[in-house]
Amino acid sequence: MIKQDLEIYIHIPFCKKKCAYCDFLSFPKYRENYVPALIQEIKTADLMGKKENDYIVQTVFIGGGTPSIMNAKHIRSILDAVYKRFEVAENAEITIEANPGTLTEEKLAGYREAGINRLSIGLQSADDEELRELGRIHTYEDFLKNYDAARRAGFSNINIDLMSAIPGQTRGSWVSTLQKITALNPEHISAYSLIVEEGTEFFEKMQKGLLALPTEEDERQMYYDTKNVLEGAGYNRYEISNYSKKGYECRHNTGYWRRVDYIGFGLGASSLINHKRFSNDTDLKRYLHEMEGEGENIRPHVQVLSIEEEMEEFMFLGLRLIDGISKKEFGTTFQKKYEEVYKEADAKLTAQGLLINEGDRVYLTERGLDLSNQVMAEFLIER
């Protein structure tokens with residue numbers, strides 16, 4: 001039997017301090033009873049009509065929150081539960097997110113021994129004033145020490161998260177951050193523009209007129225600066241906001257964009273399994289209590305996707321990738337030709353210079369990438 005690829009996401013919802021821009025599900029106080037609950041879920045979670053033996057795990061991503069506040073012993077026990085239940089590919093990509101100021105040489109060595117082979121470090125900026133504005137707990141010097149320690153521990157696949165268009169940032173300071181990071185030669189760089197989300201400290205400041213954001217024009221120029229600096233330093237842009245050295249594209253995120261089945265474990269974690277989207281409970285006390293009862297009710301929201309919804313997702317997610325989508329794969333997946341479903345949208349977007357339909361591939365032009373939200377709306381299917 002040919003096994004289907006599966007990705008696993010594990011959510012660690014704890015941070016030392018919540019950042020001013022963060023709307024992720026996280027808490028400042030670590031709960032010791034979370035790890036046993038998480039392991040219980042990994043052992044017993046329903047796979048929506050599928051079985052463990054139907055899958056081979058290609059990627060594991062431990063995200064948060066700040067997973068690196070946890071010691072290696074706990075991370076090892078979580079991964080052990082994954083290995084006991086699922087078949088994990090020998091060359092699986094296994095990532096942990098980390099924030100500067102939370103890593104030690106002992107932790108890093110323990111993570112490596114536990115099987116983690118990819119580190120994703122949330123730096124955001126190389127400017128200490130900008131880091132303070134973001135509410136980060138670390139300095140750039142803290143990051144450099146952690147980065148050096150990670151290299152000494154044997155990590156040869158490191159991503160660095162960066163953020164542009166943050167309060168007080170200029171084009172000059174953003175380019176300086178990009179140049180400092182490319183000089184370190186990490187294998188992967190994720191460069192996102194700040195989005196001010198409701199419910200965050202930044203949102204409250206913005207409502208009061210107290211958030212000094214760069215102008216729209218500066219933000220747009222920062223977007224172009226990102227591409228120019230990173231590509232000039234040898235990084236390949238393979239997704240709207242992601243750049244890598246050859247062969248170091250993030251396999252886990254690429255799987256999301258290509259709609260590989262994935263299952264999320266932990267508080268509020270989302271999943272796509274067997275044409276169903278669902279998410280776990282977001283209330284920590286309720287999640288812990290339900291796991292004590294073997295987790296019958298931790299997934300209150302299950303959505304069975306219609307074929308139209310799956311087609312839309314195929315396009316929305318796939319067009320984030322620079323090489324776009326495969327028409328052949330669309331036809332094989334949905335038993336309908338791409339042109340049958342999207343003839344009008346394709347013609348309109350191509351005429352506007354936003355889309356290219358070439359051979360088997362359909363992908364966005366540079367201008368299409370700039371206006372990606374507008375483009376994606378054209379792939380909604382009328383019900």
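I take buried to mean under 20% relative accessible area, and I began with M48, which at 12% relative accessibility therefore counts as buried. The model I am reading is a predicted one, and I kept that in mind throughout.

**Entry 1: loop residues with unusual backbone values**

M48 lies in the loop between α1 and β2, and I looked up its phi, which is near 55 degrees, a positive value in a residue other than glycine. I then went to H275, which is found in the loop between β10 (270-273) and β11 (276-279) and which has a positive phi of about 70 degrees although it is not a glycine. Is H275 buried or exposed? Neither word fits, because H275 has 45% relative accessibility and counts as partly exposed. I also noted a cis peptide bond between G64 and G65, with omega at about 25 degrees; G65 has its place in the loop between β2 (55-64) and α2.

**Entry 2: helices α1, α2 and α3**

I turned next to helix α1 (residues 34-44), in which Y34, V35, A37, L38, I39, E41 and I42 are buried. What covers these buried residues of α1? The cover includes β1 (4-12), α2, β9 (262-265) and α10 (284-292).

For the pair α1 and α2, I found that the axes come within 9 Å and cross at roughly 10 degrees. Angles under 35 degrees count as roughly parallel, so α1 is roughly parallel to α2. On the α1 side the meeting residues are V35, L38, I39, E41, I42, K43 and T44, and on the α2 side they are H74, S77, I78, A81, V82 and R85. Sorted by class, this contact holds seven nonpolar, three polar and three charged residues.

I then followed helix α2 (residues 72-85) to helix α3 (residues 105-113), where the packing angle is about 15 degrees and the axes are 9 Å apart. The two helices, α2 and α3, are therefore roughly parallel to each other as well, and α2 passes α3 in a right-handed crossing. The residues that make the contact are A72, I75 and R76 from α2, together with K107, G110, Y111 and E113 from α3. By class I recorded three nonpolar, one polar and three charged residues for the contact of α2 with α3.

**Entry 3: the sheet of β13, β14 and β15**

In what order do the three strands of this open sheet stand? I read the order as β13-β15-β14, with antiparallel pairing; the edge strands are β13 (325-326) and β14 (355-358), each of which pairs on one side only. Two bridges join β13 to β15 in the antiparallel sense, and S326 has R361 of β15 as its bridge partner. Between β14 and strand β15 (residues 361-364) I noted four bridges, again antiparallel; within β15, V362 is the bridge partner of N357, while R361 stands opposite E358. The hairpin of β14 and β15 has two residues between the strands, and there G359 takes a positive phi near 60 degrees. Helix α13 (residues 338-351) lies across β13, β14 and β15, and runs at about 130 degrees to β14.

**Entry 4: two buried loop residues**

L319 has its place in the loop between α11 (307-318) and β13. I looked up its relative accessible area, which is 0%, so L319 is buried. Leaving aside residues up to four places away in sequence, L319 touches G324, I325, L355, V362, Y363, L364, L369, M376 and F379. One of these partners, L369, I checked for separation: L319 and L369 are 50 residues apart in sequence and 8.7 Å apart in space, C-alpha to C-alpha.

The second residue, I298, sits in the loop between α10 and β12 (301-304), and at 4% relative accessibility I298 counts as buried. With residues up to four places away in sequence again left out, I298 touches E41, S279, N280, D281, Y287, E290 and M291. E41 had already come up in Entry 2, among the buried residues of α1. For I298 and V260, I noted a separation of 38 residues in sequence and 23 Å in space, C-alpha to C-alpha.

Key
Residues numbered from 1 in each chain as written. Predicted model: local features only at pLDDT ≥ 70, side-chain atom pairs only at ≥ 80, totals over all residues. Heavy atoms only, no water. Pairing = 2+ DSSP bridges. Contact = heavy atoms within 4.5 Å. Axes fitted to C-alpha atoms, helices over the stretch in contact; angles between N-to-C directions. Parallel < 35°, antiparallel > 145°, perpendicular 65-115°, else oblique. Left-handed = near helix turned anticlockwise from the far one by under 90°. Nonpolar A, V, L, I, M, F, W, Y, C, P; charged D, E, K, R; others polar. Buried < 20%, exposed > 50% of the residue type's maximum accessible area, 1.4 Å probe, protein only.
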